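User: I am new to this structure and would like a close look at one part, namely the salt bridges. Please explain the terms as you go.

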Amino acid sequence: MTDATLFDQPTTAAARITDPLTSHLAAATIESLSANRYAVWQALNMYGARGATDEQIAVLYEQQLERHGWPQQSPSGLRTRRKELFDRRLVADTGLRERMTTGRWANKWRTVNG
């Protein structure tokens, strides 16, 4: 399986017919979720086997955004893309936990094929 097929489904965002206009406008601005997922996978892959928390992924993503030409994403969007990668078994829980800046514990994630 190639990278293109691993990150491809679904390729566009959608809004429910009952959603407000802002949701429909936001969905229309997202050309491809696969590019967003792949960028998150690349960022997480930079951490290697030690993995990273969602908070750490967001920091690295922001630092490397322009260098790698990644699409702009909010921390919430990054968490959603990481969850989608987890659901597709492209990201796994390392079993390690680390304290976030808030003092709460967070799971550390790693890429599966990285």
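Analyst: What follows takes the salt bridges one after another, with the surroundings of their partners.

This is a predicted model, in which local features need pLDDT of at least 70 and side-chain atom pairs count only at pLDDT 80 or more, while totals for chains, interfaces and linings use all residues. Residues are numbered from 1 along each chain as its sequence is written, and side-chain values use heavy atoms, with hydrogens and water left out.

A search of the whole structure finds six salt bridges, the term standing for a side-chain nitrogen of Lys or Arg within 4 Å of a carboxyl oxygen of Asp or Glu. One of them joins the side chains of Arg37 and Glu84, with 2.9 Å from N to O. Because Arg37 belongs to helix α3 (residues 33-45) and Glu84 to helix α5 (residues 75-87), this pair ties together parts that are 47 residues apart in sequence; helices here are DSSP runs of H or I with at least four residues, numbered from the N terminus. Arg37 and Glu84 are both buried, that is, under 20% relative accessible area, where exposed means over 50% and partly exposed in between, with a 1.4 Å probe and protein chains only.

Helix α5 also holds Asp87 and Lys83, four residues apart and so separated by about one helical turn, and their closest N and O atoms are 2.7 Å apart in a salt bridge. Asp87 is partly exposed at 44% relative accessibility, and Lys83 is partly exposed at 41%.

Another salt bridge pairs Arg97 with Asp93, the closest N and O atoms being 3.0 Å apart. Arg97 is partly exposed, at 40%, as is Asp93, at 29%. Finally, salt bridges with shared partners link Arg37, Arg81 and Glu84 into one network.

Methods: Helix = DSSP H or I, 4+ residues; strand = E, 2+ residues; numbered from the N terminus.
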